[in-house]
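Here are a few exercises to work through with the model open beside you. Try each task before reading its solution.

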Amino acid sequence: MGEHGTHHILSYGKLAAVLGCLLMLTVVTIGVSYVDLGFFNVPVAIGIASTKATLVLLFFMHLKYEGPLIVWSFISAVIFLAIMITFTFWDVAFRY
């Protein structure tokens, strides 16, 4: 529901397109898992997973149609989470 109380009902075509993108990204994830990218294995996997999560949040959880307050609160939470994950990676990388 948006800030004006309107409902956003997505068409079956749009939902099917998003589902198709999610399935395609899943196939890409499986394909990339068989390729040795060296250092970039984890960043590529995180990038694909982030893209899939973004699609789910935008279309299936209707975040695309929410007001700016909810969108910015979500973005700030994601930025905070990214900072915490970055600190964790730095801690593991420079532990020894």
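**Exercise 1: one helix, two sides**

The buried residues of H1 are Val18, Leu22 and Leu25, where buried means under 20% relative accessible area, exposed over 50% and partly exposed in between (1.4 Å probe, protein chains only). Helices (H or I, at least four residues) and strands (E, at least two) are DSSP runs, numbered from the N terminus. A quick word on ground rules: this is a predicted model, where local features need pLDDT of at least 70, side-chain atom pairs count only at pLDDT 80 or more, and totals for chains, interfaces and linings use all residues. Residues are numbered from 1 along each chain as its sequence is written, and side-chain values use heavy atoms, with hydrogens and water left out.

Task: work out how the buried residues of H1 are placed around its axis, and what they pack against.

Solution.
1. Val18, Leu22 and Leu25 cover an arc of only 60 degrees around the axis (taken from the directions from the helix axis to the C-beta atoms), so they sit on the same side of H1.
2. Flip to the other side of H1 and you'll find Tyr12, Leu23 and Val27 exposed.
3. The buried residues of H1 pack against helix H2 (41-60).

**Exercise 2: the core**

Task: which residues make up the largest nonpolar core?

Solution.
1. Such a core is a set of buried Ala, Val, Leu, Ile, Met, Phe, Trp, Tyr and Cys residues joined through side-chain atoms within 4.5 Å.
2. The largest one has 8 residues in all: Leu10, Val18, Leu22, Leu25, Ile48, Leu55, Phe59 and Tyr65.
3. H1 and H2 each supply at least two residues of this core.

**Exercise 3: overall build**

Task: is the protein more spread out than a compact globule, and why?

Solution.
1. Start with the parts: 3 helices and 0 strands, in the pattern α-α-α along the sequence.
2. The radius of gyration (over C-alpha atoms) is 17 Å, while the globule rule, 2.2 Å times the number of residues to the power 0.38, gives 12 Å for 96 residues; 17 Å is well over that, so the protein is more spread out than a compact globule.
3. The C-alpha trace spans about 55 × 30 × 10 Å along its principal axes.
4. Buried residues make up 11% of the 96 residues.

**Exercise 4: an odd phi**

Task: where is His62 found, and what is its phi near?

Solution.
1. His62 lies in the loop between H2 and helix H3 (68-93).
2. Its phi is near 60 degrees, a positive value in a residue other than glycine.
3. Most residues other than glycine have a negative phi.
4. His62 counts as partly exposed because its relative accessibility is 27%.

Conventions:
Contact means heavy atoms within 4.5 Å.
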